[in-house]
Amino acid sequence: FANFYFGAYAKSLSPMFFEGLGEATEYAMELDDDGEIWISGRVNMPYIFALFYSRTPPEEFIESVVYADPEAAFRQVSAFGRFRFGDSPPRGALYIAPAGAEKGTPLERFDNYCVARN
């Protein structure tokens, strides 16, 4: 049981818990101090991870948040601060995506995620 639970089973669940996304976000922030960082739209609610790992104060989030549809019942965050969310990063931007789905030049891989320069 232990071999399966801590082996193949854990590996199969890893993508569901976005393993590596936090480390990829921290790496991207260190790599580029003030440029835009894009996180793939394939991540469920990527702004939550960006908020947590960047330690963005609530006041800064409120001042800079951009919603895809501000009138929607459940608002999708398109951007805040230096973070952008979606799969169309501009040329030269840092892009965090599931490994194998990144655009541009891969720079570093963290478990299930890769940081690339588009």
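Strands β6 (105-110) and β7 (residues 113-117) run antiparallel and are joined by 5 bridges. Within this pair, P106 has A116 of β7 as its bridge partner. Helices (H or I, at least four residues) and strands (E, at least two) are DSSP runs, numbered from the N terminus, and two strands pair if DSSP finds at least two bridges between them. The model is predicted: local features need pLDDT of at least 70, side-chain atom pairs count only at pLDDT 80 or more, and totals for chains, interfaces and linings use all residues. Residues are numbered from 1 along each chain as its sequence is written, and side-chain values use heavy atoms, with hydrogens and water left out.

The loop between β6 and β7 holds D111. The phi of D111 is near 50°, a positive value in a residue other than glycine. With a relative accessible area of 44%, D111 is partly exposed; buried means under 20% relative accessible area, exposed over 50%, and partly exposed in between (1.4 Å probe, protein chains only).

The wider sheet may now be considered. It is an open sheet of 7 strands with mixed pairing, in the order β2-β3-β4-β1-β5-β7-β6. Its edge strands are β2 (66-67) and β6, each of which pairs on one side only. Strands of a sheet pair through backbone hydrogen bonds, either parallel or antiparallel. At one edge, β2 pairs with β3 in the antiparallel sense over 2 bridges, and Y67 stands opposite V77 in β3. Strand β3 is also joined to β4 by 2 bridges, and these two strands run antiparallel. Here A79 has R84 of β4 as its bridge partner. The hairpin of β3 and β4 has 2 residues between the strands, and G81 there takes a positive phi near 50°.

R84 also takes part in a contact between side chains. It meets E36 in a salt bridge (3.4 Å, N to O), and a search of the whole structure finds 1 salt bridge. The term denotes a side-chain nitrogen of Lys or Arg within 4 Å of a carboxyl oxygen of Asp or Glu. Because E36 lies in the loop between α3 (21-31) and β1 (37-39) while R84 lies in strand β4 (residues 83-85), the pair ties together parts that are 48 residues apart in sequence. E36 is partly exposed, with a relative accessible area of 33%.

Attention turns next to the interior. The largest nonpolar core has 20 residues, of which I39, F83 and I96 touch the most other members. Two or more residues of this core come from each of α3, β1, β3, β4, β5 (94-98) and β7, and α3 gives the most, with 4 residues. Such a core is a set of buried Ala, Val, Leu, Ile, Met, Phe, Trp, Tyr and Cys residues joined through side-chain atoms within 4.5 Å.

The largest pocket is lined by 13 residues, and M45, P46, Y47, Q76 and V77 lie nearest its centre. Two or more lining residues come from each of α4 (46-54) and β3 (77-80). By class, the lining has 7 nonpolar, 5 polar and 1 charged residues. On a 1 Å grid over the protein atoms alone, a pocket is an open set of points where a 1.4 Å probe fits, with protein on both sides within 12 Å along at least five of seven lines; lining residues have an atom within 4 Å of a point. Ala, Val, Leu, Ile, Met, Phe, Trp, Tyr, Cys and Pro count as nonpolar, Asp, Glu, Lys and Arg as charged, and the others as polar.
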